[in-house]
Number of protein chains: 2
Amino acid sequence: MKFITSFVLTAAATVLSLPASAQFAKPEDAVKYRQSALFVMGQHFGRIGAMANGRVPYDAKAAVDNAEVVAEMAKLPWAGFAANTDRLSQKAKSEIWTEQVKFREHNEKLVGESGKLLAAAKTNNLDNLKTAFSATAGTCKGCHDAYRKD
Amino acid sequence: MKFITSFVLTAAATVLSLPASAQFAKPEDAVKYRQSALFVMGQHFGRIGAMANGRVPYDAKAAVDNAEVVAEMAKLPWAGFAANTDRLSQKAKSEIWTEQVKFREHNEKLVGESGKLLAAAKTNNLDNLKTAFSATAGTCKGCHDAYRKD
């Protein structure tokens with residue numbers, strides 16, 4: 001079962017990675033694209049974190065607005081990790097390209113948790129937001145620990 | 001009437017510009033944020049342009065997917081033109097900050113046209129997409145001509 005899952009994910013990753021690189025005029029654009037999407041996502045995620053950690057007052061509408069951006073942005077950066085960009089970044093570890101299945105699993109986790117974060121924000125309940133923020137932050141950390149150089 | 005409209009827009013711009021700068025930890029983040037959002041938007045808009053201009057085959061689903069990102073991203077960059085960033089960019093003209101009402105009108109036009117672009121993409125009709133792409137591109141050019149240094 002595990003083999004089949006891995007095989008399907010590998011096939012999916014291969015299919016998805018082909019148009020990914022073709023989408024960018026040059027490899028540098030792919031790098032800039034993923035870094036840009038992650039930066040925008042990080043800014044909005046940080047605003048939710050400020051509420052979750054009590055650094056700024058809880059604002060239910062702002063939480064939803066920010067979570068909507070996070071959930072949308074979470075889907076974007078991965079296309080920028082195109083095959084021809086593996087030596088263009090100082091921060092991205094080469095394992096991103098040698099462990100495509102695992103890397104994609106991290107990607108899917110973030111998309112999943114950020115979707116839950118948006119749902120939690122919409123409950124207008126700070127405790128729900130805190131829980132979902134923590135889970136989403138865990139997916140950021142998990143991927144950074146594995147695939148980002150310090 | 002025109003006076004009242006301008007007054008309301010000025011008041012709105014003032015209200016909106018206050019939290020904008022407060023949202024960023026430092027002015028450089030605001031600049032990076034707006035540049036990142038505009039870059040991501042430009043990448044997806046360019047893919048629609050490639051279809052509209054016949055450089056790549058028309059793909060109705062890809063058009064909708066890209067238009068969705070454009071419409072979402074169009075709402076973001078303006079918060080990054082915070083008051084304390086007027087001297088941090090080599091490309092942004094100072095008129096952005098001295099003509100806040102007009103600048104915001106350009107912003108609103110882009111948000112409006114990119115919303116129509118998404119609606120046009122969803123009709124699955126290439127001619128509709130071409131028309132809406134051209135209108136949206138016009139708002140990009142209008143704002144760049146007025147507020148971006150060459």
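What pattern does chain A follow when read along the sequence? Colour the model by secondary structure and you can read it off: α-α-α-α-α-α. That comes to six helices and zero strands in chain A, where helices (H or I, at least four residues) and strands (E, at least two) are DSSP runs numbered from the N terminus.

Before going on, some housekeeping. This is a predicted model, in which local features need pLDDT of at least 70 and side-chain atom pairs count only at pLDDT 80 or more, while totals for chains, interfaces and linings use all residues. Residues are numbered from 1 along each chain as its sequence is written, chains are lettered from A and ligands numbered from 1 in the order in which they are written, and side-chain values use heavy atoms, with hydrogens and water left out.

**Stop 1: both chains together**

Show chains A and B in two colours. A rotation of 180 degrees with 0.0 Å of shift along its axis lays chain A on chain B, with an RMSD of 0.0 Å. That is the relation of a two-fold axis. The superposition is by least squares on the C-alpha atoms of residues with pLDDT of at least 70 in both copies.

To find the axis, select Ser36(A): of the residues of chain A, its C-alpha comes closest to the rotation axis, at 2.2 Å. Now look at the interface. 100% of the interface residues of chain A are also interface residues in chain B, so the copies meet through the same surface.

Next, pick Arg47(A) and Phe24(B). The charged end of Arg47(A) sits over the ring of Phe24(B), 5.0 Å from its centre. The chains swapped, Arg47(B) lies over the face of Phe24(A), at 4.9 Å from the ring centre. A charge sits over a ring here if NZ of Lys or CZ of Arg is within 6 Å of the ring centre and within 35 degrees of the ring normal.

**Stop 2: the nonpolar core**

Which residues have the most contacts inside the largest nonpolar core? Select Met73(A), Leu117(A), Met73(B) and Leu117(B); the core has 72 residues. Such a core is a set of buried Ala, Val, Leu, Ile, Met, Phe, Trp, Tyr and Cys residues joined through side-chain atoms within 4.5 Å. Buried means under 20% relative accessible area, exposed over 50% and partly exposed in between, with a 1.4 Å probe and protein chains only. Buried residues make up 41% of the 150 residues in chain A.

Zoom in on Leu117(B). Not counting residues up to four places away in sequence, Leu117(B) touches Phe45(B), Ile48(B), Ala67(B), Val70(B), Leu129(B), Ala132(B), Phe133(B) and Thr136(B); contact means heavy atoms within 4.5 Å.

**Stop 3: helix H5 and its neighbour H6**

Select residues 100-122 of chain A, helix H5. At 1.5 Å a residue, its 23 residues should span 33 Å, and the end C-alpha atoms are 33 Å apart, which agrees. The expected span is 1.5 Å times one less than the number of residues. Buried residues in H5(A) include Phe103(A), Arg104(A), His106(A), Glu113(A) and Leu117(A).

Move just past H5(A) to Asn124(A), which takes a positive phi of about 60 degrees. Asn124(A) is in the loop between H5 and H6 of chain A. In chain B, Asn124(B) also has a positive phi of about 60 degrees, although it is not a glycine.

Continue to Ala132(A), found in helix H6 and buried at a relative accessible area of 10%. Leaving aside neighbours within four places in sequence, Ala132(A) is in contact with Lys116(A), Leu117(A) and Ala120(A). Ala132(A) and Glu113(A) are 19 residues apart in sequence and 7.2 Å apart in space, C-alpha to C-alpha.

**Stop 4: the aromatic rings**

Show Phe, Tyr and Trp: the structure holds 14 aromatic pairs over all chains. Phe45(A) and Phe133(A) form a stacked pair, 4.5 Å centre to centre with 25 degrees between the planes. Rings (for Trp, the six-membered one) pair if their centres lie within 6.5 Å; planes under 30 degrees apart count as stacked, over 60 as edge-to-face and the rest as tilted. This pair links helix H2 (residues 27-52) to helix H6 (residues 126-147) of chain A, 88 residues apart. Phe45(A) counts as buried at 12% relative accessibility, and Phe133(A) is buried at 14%.

Compare Phe81(B) and Phe103(B): their centres are 5.0 Å apart and their planes at 70 degrees, so the pair is edge-to-face. Phe81(B) is in the loop between helix H3 (60-73) and helix H4 (95-98), and Phe103(B) is in helix H5 of chain B. Both Phe81(B) and Phe103(B) are buried.

Finish by selecting Trp78(A), Phe81(A), Trp97(A), Phe103(A) and Tyr147(A), which ring pairs link into a cluster.
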